[in-house]
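Student: I am new to this structure and would like a close look at a single part of it. Please take one charged side chain and follow its contacts outward, step by step.

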Amino acid sequence: MSCIQTIADYGLRSVGIGERLLPRSDFTMCQQFTLIGSGMIWNLYFGILALLAGFFLATTLAVAKNSERAIFRKPADWFIFLFRGSPLFIQFFLAYEAFAMLPRAGFPILGITVATDWITRAWAGALIVLFFNTSAYAAEIFYGALRSVPKGDMEAADAYGMTGWTKFRRVTWPTMLRLGWPSYTNEAIFLFHATTLVFFSGFPAFRQEGDALYYAKYFADKTFNPFIPYPIAAFYFILLTLCVIAVFGVINRRLNRHLPQESRKRFRFRPQIIR
């Protein structure tokens with residue numbers, strides 16, 4: 001079997017497209033790269049959706065924690081403390097056990113029976129845990145940035161007559177993002193790395209359609225050689241990290257486009273031939 005045929009057969013296996021049976025013997029490097037890369041689709045799914053949804057919840061929590069009203073500040077404080085203070089690995093297990101205790105037949109809401117079996121699947125339950133976890137960490141980052149917004153910016157906004165939502169949208173929120181974005185970039189990288197813990201959590205993979213670590217462990221168990229599949233998985237995550245840094249770097253330059261940029265002199269090679 002050629003490498004192109006292997007990619008066609010197993011490239012999308014993790015999402016149910018292609019060959020159902022995994023290779024049993026004579027494992028090639030192409031098979032390992034293809035299947036582990038196919039599993040990365042799920043890691044991207046967990047990371048991207050949790051990051052996008054968590055960004056908005058984190059902003060809301062940061063604003064609530066910065067509020068002078070205890071009715072908003074206290075729930076945000078406890079939410080952030082709970083998910084930042086406990087290990088993500090334990091959060092996965094507690095969430096799975098809690099979701100598994102829900103009635104399998106569902107429960108009625110307004111005369112409609114709502115099913116609950118889907119929430120114990122990794123694509124839903126693990127995503128919810130990652131969503132809450134990254135929201136808590138990002139909220140603490142944004143809260144610190146919110147507290148660091150220069151008073152001069154706020155006074156300038158007041159001088160222009162900005163109040164309420166307009167002031168927050170035009171001055172407070174962009175400045176908060178600009179100050180907190182480098183730290184938020186690190187949180188995004190940690191989140192994508194944390195998606196590997198889904199494999200070890202109680203959430204089962206559906207029809208053997210697992211993430212990158214699922215296939216890496218499969219090859220390691222079959223070949224008794226962990227020094228090929230696991231470095232391949234690490235290689236994919238290094239590429240993913242570089243992509244995250246590049247994308248967030250573009251956004252960071254966009255946020256800071258009004259500030260003077262550091263100019264670097266171009267290197268010129270001028271050999272001194274004649275003294």
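Tutor: The charged end of K65 sits over the ring of Y143, 4.7 Å from the ring's centre. The model is a predicted one. K65 also has a partner of opposite charge: its side chain meets that of E140 in a salt bridge, with N and O 2.7 Å apart. K65 belongs to helix α2 and E140 to helix α5, so this pair ties together parts that are 75 residues apart in sequence. K65 is buried, with a relative accessible area of 13%, while E140 is partly exposed, at 23%. The cut-off for buried is under 20% relative accessible area, which is why these two values receive separate labels. The contact does not end with two residues, as K65, D77 and E140 are linked in a network of salt bridges.

The structure holds four salt bridges. Side chains of opposite charge can pair when their charged atoms come close. One of the four joins K167 and D158, at 2.9 Å from N to O. K167 counts as buried, with 16% relative accessibility, and D158 is partly exposed, with 44%. Another joins K217 and D221, whose closest N and O atoms are 2.7 Å apart. K217 and D221 are four residues apart in helix α8, residues 212-223, so about one helical turn separates them. K217 is partly exposed at 32% relative accessibility, and D221 is partly exposed at 42%.

Helix α5, where E140 lies, also takes part in ring contacts. The structure holds 31 aromatic pairs. In one of them, the ring centres of F83 and F132 are 5.6 Å apart and the planes stand at 45°, so the pair is tilted. F83 lies in helix α3 (residues 70-85) and F132 in helix α5 (residues 122-147), so the pair ties together parts that are 49 residues apart in sequence. F83 counts as buried at 15% relative accessibility, whereas F132 is partly exposed at 28%. F132 forms a further tilted pair with F131, with 5.1 Å from centre to centre and 40° between the planes. Elsewhere, F55, F56, F142, W173, W181, Y184 and F248 form one aromatic cluster.

Helix α2, which holds K65, has a covalent link as well. A search of the whole structure finds one disulfide, and this disulfide joins C3 to C30 with an S to S distance of 2.1 Å. The link of C3 and C30 is right-handed, with 85° about the S-S bond. C3 lies in helix α1 (residues 3-10) and C30 in helix α2, so the pair ties together parts that are 27 residues apart in sequence. C3 is partly exposed, with 40% relative accessible area, but C30 counts as buried at 16%.

Last comes the surface. M29, F33, F235, I238, L239, L242 and I245 form a nonpolar patch there, with about 630 Å² of accessible area together. Helices α2 (29-65) and α9 (229-255) each supply at least two residues of this patch. The largest share, five residues, comes from α9. L239 is one of the patch residues and lies in helix α9. L239 is partly exposed, with a relative accessible area of 38%.

Notes. Residues numbered from 1 in each chain as written. Predicted model: local features only at pLDDT ≥ 70, side-chain atom pairs only at ≥ 80, totals over all residues. Heavy atoms only, no water. Patch = residues over 30% accessible without salt bridge, like charges linked within 9 Å, V, L, I, M, F, W, Y side chains within 5 Å. Areas by Shrake-Rupley, 256 points an atom, 1.4 Å probe, with all protein chains shown as cover. Buried < 20%, exposed > 50% of the residue type's maximum accessible area, 1.4 Å probe, protein only. Phe/Tyr/Trp six-rings, centres within 6.5 Å; stacked < 30°, edge-to-face > 60°. Lys NZ or Arg CZ within 6 Å of the ring centre and 35° of its normal. Disulfide = S-S within 2.5 Å.
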